[in-house]
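Trainee: I'd like to learn how to read a model like this one, feature by feature. Can you walk me through it?

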Amino acid sequence: MNPDPPLPAPLTVDEVYRRCPLAPLTFETTDELPALEMPFGQDRATQALEFGTGIANHGFNIYVLGHARSDRLGLVRQFLERARIHRNTPPDWCLVFNFVNPDEPRALRLPAGEGRKLRRDFERLIEELTSAIPATFDSDEYQARLQELQQEIASRQQGGISEIGKEAAERDIALISTPSGFTLLPSRDGEALDPEEYAKLDDDKREEIESTIAELQQKLQQHVQQMPRLRKQFQEKVRALNEEMVLFALGAPIRELKDEWSHLPAVCQQLDAIREDVITHAEAFRADGRRSGPPAQLLERYRINLLIDNADIDGAPVIYEDLPNHQRLTGQIEHQVSQGALVTSFMLVRGGALHRANGGFLIIDARRVLSQPAAWDSLKRVLASGEIRIESLERLYGLVSTVSLQPEPIPVRLKVVLIGDRLLYYLLSRYDPDFLELFKVQADFEDELPRSDDDLRLYARMMATMARHGGLRPLKREAVARMIEEASRMAADQAKLTAHDRDLRDLMMEADYWAASSARRRIGCEHIEQAIAERERRANRIEQIGLERIERGMVLISVTGEAVAQVNGLSVLQIGARRFGRPSRITATARPGKDQVVDIEREAKLGGPIHSKGVMILSRFIASRYAPEQELSLTASLAFEQSYGGVEGDSASVAEALALLSAIARVPLKQHLAVTGSLNQLGEVQAVGGVNEKIEGFFAVCQQNGEVDGQGVLLPASNVDQLMLKAEVREAIAEGRFSIYPIRHIDQAIALMTGLDAGQPDDRGHFPPETFNGKVAARLTRFARITRKSTASSRKKASKKD
């Protein structure tokens, strides 16, 4: 017969809390420590960032994975700020009016910093246009030449009329000018005949006069018909004169600009187009009584829309977009109200974050971009096509058919860095076929860092850097040591330190506040302690209500005595940022029946799948241990008493097994001990989470019910390295008033909870009858006899009926 596993000794104070030695911290305050340029312990992530930013191939954008409490954004920006200075500054991009297709503004690429200069040059050109051209039209030369043209056309018009009038006079016909035109009348001695005199003429004379008038009328009509052609010729000559004068006024400034921008043919081409357009609209530049200069819409065509201005950037840009919707990523076309209608122009086109980050790095929060309509698809389209198209969502999805601008696409070459949690990365990898093609680099930030003497020095430097960047008081050496201990507690591991620098920074800020309140120039250990205590007090209202209900007997928890089929299990509650432990009474029932263990939590739909799995495992453990060669004759039930919310996890399976075995054997369990741990089918106790909170929660209940004296907790031995308990619990352990027992097997828990030997089976599989397992086996054997007798009786009654 194998002996029972030895009972574990209670843990010592040093085993439940790992203090930070002061020896490795060779400084008095953090002011003496140099700053960390990059975070330590994140080699995997930083190497991934170096690779992702260095490789130029398509699709190697970066997804940064990590916990939300780690300052991934700050760390990534810090890394990219260092990387960008080694890169060339990207070019400027401008939009200009397209004189061929006005709805499709052209994009001009300029060396960095030259966009502003080009815009200034074009603004000066517009000023010259609005001053030099009107001055040219007001010049004496222009007025004289215009007058010559007017006289010429007037002379040609009057010359024809005069010839017809002279011929008419020779033939006794008068040519009379009226407001409605010219009229031909018979005359005598240069005076028109009145109707009475004309009537006295004989018929032949009247017929001759009428014939002459008809002939002259035809000539007059032919001459009048030629007047529009003469006026057109006059207008053409005036237009030619205007073009000549405008060209003369524009010649010098256009030529100077073309010489200055000769290294950029696209700019010279735009200047030629502006010259042709100004010549075409030369009349618009003439000042008259109705207007003082050219219309603003015309001058706007000659302006420069500086879409991307990199004049103030040294190296590649690093852009963080905190609202990554479609418009803020790809740009937008704005509109203005004019005479009751919405109008736009190429000057109202605005660039987006992708434009500003072109040639550099764009940082986006993954969850935010996915939550914005069409933003994710727009981002993927840009990365896949390598160009940015500025389009409205309405036009993109065909919701409107109105004519709008279609700016020329701008080629893009940048690195997009998405920052998100791990679950989101795995979901995108699984369900978005484009994701892994566009984001081939994952930079996974550690949640925990190793804790060694060398690491302690680096951790201290990290805190010194945080204090400087946050404008906080320096920390004393003892305060740094206390922060390191708290970092291990946050990591829930004596051999680790949390990498969640936001939590550390918040704690340091609170400690700085308490140091300021006490008029201290440095943050001491007492300020760290006060910050931790005050933080806990602000958030423990729900926890205190629960303790009060236990004290008043509204929630039944026993921390003294013994009880059959009843055990104190331990659980962890998370309410907001507050995480605390709470004991729960677990009870069980057992009676003869078929192999069935009823999980009341599952039946009430309050138990989660992992908890249900744990109950199934313990039922199979009992069957395989106590009825290995026959059917288990047991109907049992398990319940978390006074639990009205969901129950999830298998950390109570050891406690449930103890309660169920106690119900079967009718052996009482000690109530001054609480139990946590996961049970496998072999009876081994497995690690669980939240052990610090669970132990402290049970300790608080013991304190609430009176003096702590002899209570304790059973926990998996594999969880010992995760213990970082509060000072009051450590004090009780040091005084022997509270004990923690690390267990590896259910038999150790049985011995501690009952005071009986667990008992091991002999070669035939029989347990010693005086042991706990022997009592369980004996009761199950009795259940089997009762079940067989009941089954036989039922069959006999059924046979008689037949």
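Trainee: Let's jump right in. Which residue in E22 is the bridge partner of Ser-571?

Mentor: Before the case itself, the general idea: strands of a sheet pair through backbone hydrogen bonds, either parallel or antiparallel. Keep in mind, too, that this is a predicted model. Here, Ser-571 has Arg-582 as its bridge partner in E22. Step back one residue and you find Leu-570, whose partner in E22 is Pro-583.

Trainee: In which sense do strand E21 and strand E22 pair, and over how many bridges?

Mentor: Antiparallel, over ten bridges; E21 covers residues 566–575 and E22 covers residues 578–591. The two strands make a hairpin with two residues between them. Have a look at Gly-576 in that turn: its phi is positive, about 65°.

Trainee: What about the link from E21 to strand E26: how many bridges, and parallel or antiparallel?

Mentor: Two bridges join E21 to E26 (residues 673–675), and these strands run parallel. Asn-568, for one, has Ala-674 as its bridge partner in E26.

Trainee: Now the whole sheet. In what order do its seven strands come?

Mentor: Read across it as E23-E24-E22-E21-E26-E29-E30; the sheet is open and the pairing is mixed. Strand E23 (596–599) and strand E30 (738–743) are the edge strands, each with a single partner, so each has one side without a neighbour in the sheet. From one strand to the next, the twist averages 30°.

Trainee: Which helix packs on the sheet and touches E23 and strand E24?

Mentor: That's helix H23 (residues 609–626). Its direction makes about 155° with that of E23, and the E24 it touches is 635–640.

Trainee: Can we zoom in on one residue of E21? Is Gly-569 buried or exposed?

Mentor: Start from the cut-off: a residue is called buried when its relative accessible area is under 20%. Gly-569, which sits in strand E21, comes out at 1%, so it counts as buried. Leaving out residues up to four places away in sequence, Gly-569 touches Arg-582, Pro-583, Ser-584, Ile-586, Ala-655 and Val-675. The C-alpha atoms of Gly-569 and Ser-584 are separated by 5.2 Å, with the two positions 15 residues apart along the chain.

Trainee: And a charged side chain? Why does Glu-693 count as buried or exposed?

Mentor: Use that cut-off again. Glu-693 has a relative accessible area of 17%, so it is buried. This glutamate is found in helix H25 (residues 691–704). Apart from neighbours within four places in sequence, Glu-693 is in contact with Val-572, Arg-579, Phe-580 and Gly-581.

Trainee: Next, helices against helices. How do the axes of helix H24 and helix H27 cross?

Mentor: Two packed helices are described by the angle between their axes and the distance between the axes. For H24 (residues 653–665) and H27 (residues 746–754), the axes come within 11 Å and cross at roughly 60°. That angle makes H24 oblique to H27. The crossing is right-handed.

Trainee: Which residues of H24 meet which residues of H27?

Mentor: On the H24 side, look for Val-654, Ala-657, Leu-658 and Leu-661; on the H27 side, Ile-746, Ala-749, Ile-750 and Met-753. Sorted by class, that contact has eight nonpolar residues, no polar ones and no charged ones.

Trainee: There's another sheet, with three strands. What is its order?

Mentor: E3-E2-E7, an open sheet with antiparallel pairing. Strand E3 (106–110) and strand E7 (305–308) are at the edges with a single partner strand each, so one side of each lacks a neighbour in the sheet. The twist here averages 35° from one strand to the next. Strand E2 (residues 92–96) pairs with E3 over five bridges, and Cys-94 stands opposite Leu-108 in E3.

Trainee: Which helices lie across E2 and E3?

Mentor: Helix H4 (residues 114–137) lies across E2, E3 and E7, at about 120° to E3. Helix H8 (residues 265–280) lies across E2 and E3, at about 135° to E3.

Trainee: Last one: how many helices and strands are there in the chain?

Mentor: There are 28 helices and 30 strands. Of the 802 residues, 48% are buried. Among contacts between residues at least 6 apart in sequence, 77% join residues at least 24 apart.

Terms used: Residues are numbered from 1 along each chain as its sequence is written. This is a predicted model: local features need pLDDT of at least 70, side-chain atom pairs count only at pLDDT 80 or more; totals for chains, interfaces and linings use all residues. Side-chain values use heavy atoms; hydrogens and water are left out. Axes are lines fitted to C-alpha atoms, for helices over the stretch in contact, and angles run from 0 to 180 degrees between N-to-C directions. Helices (H or I, at least four residues) and strands (E, at least two) are DSSP runs, numbered from the N terminus. Angles under 35 degrees count as roughly parallel, over 145 as roughly antiparallel, 65 to 115 as roughly perpendicular and the rest as oblique. A crossing is left-handed if the near helix is turned anticlockwise from the far one by less than a right angle, and right-handed if clockwise. Contact means heavy atoms within 4.5 Å. Ala, Val, Leu, Ile, Met, Phe, Trp, Tyr, Cys and Pro count as nonpolar, Asp, Glu, Lys and Arg as charged, and the others, Gly among them, as polar. Two strands pair if DSSP finds at least two bridges between them. Buried means under 20% relative accessible area, exposed over 50%, partly exposed in between (1.4 Å probe, protein chains only).
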